[in-house]
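Student: I would like to go through this model with you and ask, at each step, what justifies the words we use for it.

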Amino acid sequence: MLKAVRVDEAYANLVLPHVLGRLALEGRDAAFATELASGTLRQQGTYDAVLAACIDRPLTKVEAKVLDVLRLGAHQVLSMRVPDHAAISTTVDLTRSKIGQGPAGFVNAVLRKVTRKPLEDWIAEVAPAREEDHDGWAAVAFSHPRWVVERLAEAVGRDEVDALLEADNVPPAVTLVARPGRATVDELGGPPTRYSPYGVTLGSGSPAGVTAVADGRAGVQDEGSQLVALALAEAHLDGESTAKAWLDLCAGPGGKSALLAALAAQQGAALVANERQPHRAGLVLANLTDRASGSPVAGVAGVVAGDGTNPPFEDASFDRVLVDAPCTGLGALRRRPEARWRRATADLDVLVDLQRSLLDRALDLTRPGGVVLYATCSPVLAETRDVVNRVLEGRSDASLEPVAATVGAVPDSTGPIAGTVQLWPHRHGTDAMFMALLRRNPTG
Ligand SMILES: C[S@@+](CC[C@H](N)C(=O)[O-])C[C@H]1O[C@@H](n2cnc3c(N)ncnc32)[C@H](O)[C@@H]1O
C-alpha cells in the first residue's frame with residue numbers, strides 16, 4: 001500500500017479497504033494493519049528525521065522501497081508498542097522476501113539503532129530546539145512539512161498551533177448525517193454531534209451496517225461539512241424569490257449536495273449540483289438518486305458537469321449558491337494520512353486564483369438579495385480571508401454578512417474576518433472548515 005501511495009499517488013483511505021479485503025483481514029487484524037499503514041504515512045516526517053540520524057548517508061540515497069520498510073519498522077518500534085524483537089524480525093523478513101538479503105541486513109542494523117531510545121528522546125535529539133526554532137521543532141515533533149506548520153500557525157495563532165498539529169495526527173471518529181425528510185438521527189444510533197442537528201457519532205461497526213446509510217437516506221459526513229450546508233440553508237434571503245433555485249457550484253462527490261437537496265426540499269426549493277470533473281459529477285448524481293426508485297431525490301433540479309468559472313447558467317438565477325472551493329485541504333489532514341506530503345506552496349497560487357474566479361462567478365449567478373456561502377476545508381489565510389477580501393474589493397454589488405443561526409452560534413468559531421466562521425479539529429472536533437456569507441446587493 002505504501003508503494004501505491006508513493007508511486008501511483010493513490011489515496012491511502014481508498015486503497016486500504018481493498019488491501020484488507022484481498023487479505024481477508026477483519027477485526028483486530030484489520031485495525032492493526034490500518035494503524036500500521038496510516039500511522040507510517042502520517043508520522044513519516046518524524047521517522048525520517050530519526051532514520052536520518054541512524055544512517056550515514058542522506059535518506060535521498062536510500063532506495064525508496066527500503067525507506068518504506070524502514071518507516072514501517074520505525075512506526076512499530078516507536079509508536080505501536082510492538083516488542084522490538086518482533087517488529088525487527090517481521091520487518092527484516094519482509095525486506096528479505098520482497099527486496100533481498102543485502103537490504104535485509106541494512107534494515108536490521110538501522111532498526112536496531114532506532115530501538116535504542118523512546119520517541120520523545122529521539123525528538124529531543126533530532127529536532128531543532130523548541131525555544132530557538134519552534135516551527136522546525138514542530139515539523140519534526142508533529143510530522144508536518146515546515147511550510148504547513150507556518151501557514152497553520154499564521155491561521156490559528158502560535159499559542160494554539162501545537163494543539164492543532166497534534167489533533168491532525170488523530171484519526172477522526174466517523175460521523176453520520178441523517179438527511180432531513182429522509183432519515184432521522186434516532187435511526188442512526190450513536191450520540192448526537194455537538195453542533196449539527198443532523199449528525200451522530202458512529203460508536204462502533206461499519207457505516208455500511210447502518211440501514212439508513214445503506215439506503216442512501218443518510219451518509220458519512222464530517223460535522224463541519226454538515227454545518228456548511230446548514231449555514232447556507234439558514235441564511236436570510238432579502239426580497240421575493242421567484243425561482244426557488246439553489247446551486248452547489250463545486251459539488252463532487254456530492255456529500256453537501258445531498259444534505260442541501262434535503263434542506264431545499266423542506267423550503268420548497270430545488271438544488272442544481274455542478275461539478276467540473278465528469279466522473280465526480282457521476283458520483284454527485286449517484287448521491288442524489290433514490291436507490292429504491294432510481295429517481296432523483298426530493299429537492300434536486302439536476303446535475304451538471306460544467307466548469308464553475310464559466311457554467312451554463314443565467315446570471316442572477318439562484319437564491320442560494322454554495323462555493324465549496326477546491327483547496328489545499330490542510331484543514332482535513334486527520335482524514336488523509338498522506339495528504340500533508342502531497343501539497344506544495346506552489347499549489348496555493350493556482351488554487352487561490354481559481355477560488356477567486358469561482359466566488360466571483362457565484363456572485364454573478366446569485367439574484368439580488370440572494371446569498372453565496374464560500375467555504376474551504378482549509379484554514380490557510382490565503383484561501384480564506386484573502387480570497388474573500390479580494391473578491392469584495394472588486395465588487396460594489398456584494399457585501400459580507402455574519403454567518404448566523406445555528407452555525408453562527410458555535411462557540412469559539414470566529415473566523416479571520418468579523419462575521420466569518422472558522423472551525424478547528426482541536427476545538428470543535430470537526431475538520432477546519434472556513435465559511436463566509438456574502439450577499440448580492442442590487443446594482444446601483
Ligand atoms: C472541496 S471539493 C467539493 C466537495 C463537495 N462539496 C462535497 O461535499 O462532497 C471541490 C470540488 O470542486 C471541483 N472543481 C475544481 N475546479 C472546478 C471548477 N472550475 N468548476 C467546478 N468544480 C470544480 C473539484 O473537482 C472537487 O470535486
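Tutor: Let us begin with what an element name stands for: helices and strands are DSSP runs, of at least four residues in H or I for a helix and at least two in E for a strand, numbered from the N terminus. Keep in mind that this is a predicted model. In these terms, Gly 254 is found in the loop between β4 (245-248) and α15.

Student: Why is Gly 254 called buried?

Tutor: A residue is buried if 20 or more other C-beta atoms lie within 10 Å of its own. Gly 254 has 25 such neighbours inside 10 Å, and therefore counts as buried. Leaving aside neighbours within four places in sequence, Gly 254 is in contact with Ala 273, Leu 283, Val 284, Asn 287 and Leu 288.

Student: What makes Glu 275 a buried residue?

Tutor: The place of Glu 275 is in strand β5, and there are 26 other C-beta atoms within 10 Å, so Glu 275 is buried by the cut-off of 20 or more. Its contacts, again without neighbours within four places in sequence, are Cys 250, Ala 251, Gly 252, Arg 280, Ala 281, Val 284 and Ala 305. As for the strand as a whole, β5 is mostly covered, with five of its six residues buried.

Student: How do you know that β4 and β5 are paired, and which way do they run?

Tutor: Pairing requires that DSSP find at least two bridges between the strands. Four bridges join β4 to β5, so the condition is met, and the two strands run parallel. One of the matched positions is Leu 247, whose bridge partner in β5 is Val 272.

Student: Which residues come nearest to the ligand, and which elements supply its shell?

Tutor: Of the 18 residues around the ligand, those that come nearest are Cys 250, Gly 252, Lys 256, Gly 308 and Asp 324. At least two residues of the shell are supplied by each of α15 (255-266) and β5 (270-275). By class, the shell has four nonpolar, eight polar and six charged residues. From the record, an unreviewed UniProt entry lists residues under "binding site", among them Cys 250, Gly 252, Gly 254, Lys 256, Glu 275 and Asp 324.

Student: What is said about Cys 377, and why is Cys 377 counted as buried?

Tutor: The UniProt annotation "active site", from an unreviewed entry, covers Cys 377, whose place is in the loop between β8 (366-376) and α19 (385-393). Cys 377 has 26 C-beta neighbours inside 10 Å, and since 20 or more suffice, Cys 377 counts as buried. Beyond four places in sequence, Cys 377 is in contact with residues including Cys 327, Gly 329, Asp 431 and Met 433.

Student: How are the strands β1, β2 and β3 arranged in their sheet?

Tutor: The three strands form an open sheet in the order β2-β1-β3, with antiparallel pairing. The edge strands are β2 (199-201) and β3 (218-220), each of which pairs on one side only. On average, neighbouring strands of this sheet are turned by 25 degrees against each other, direction ignored. Three bridges join β1 (residues 175-178) to β2, so this pair passes the requirement of at least two, and Val 177 stands opposite Gly 199 in β2.

Note on methods. Residues are numbered from 1 along each chain as its sequence is written. This is a predicted model: local features need pLDDT of at least 70, side-chain atom pairs count only at pLDDT 80 or more; totals for chains, interfaces and linings use all residues. A residue is near a molecule or strand if its C-beta atom, placed from the backbone, lies within 6 Å of it. Ala, Val, Leu, Ile, Met, Phe, Trp, Tyr, Cys and Pro count as nonpolar, Asp, Glu, Lys and Arg as charged, and the others, Gly among them, as polar. Axes are lines fitted to C-alpha atoms, for helices over the stretch in contact, and angles run from 0 to 180 degrees between N-to-C directions. UniProt positions are given in the numbering used here, feature names are shortened, and annotations may be inferred rather than shown by experiment. A residue is buried if 20 or more other C-beta atoms lie within 10 Å of its own, exposed if 12 or fewer, and partly exposed in between; C-beta atoms are placed from the backbone. Two residues are in contact if their C-beta atoms, placed from the backbone, lie within 7 Å.
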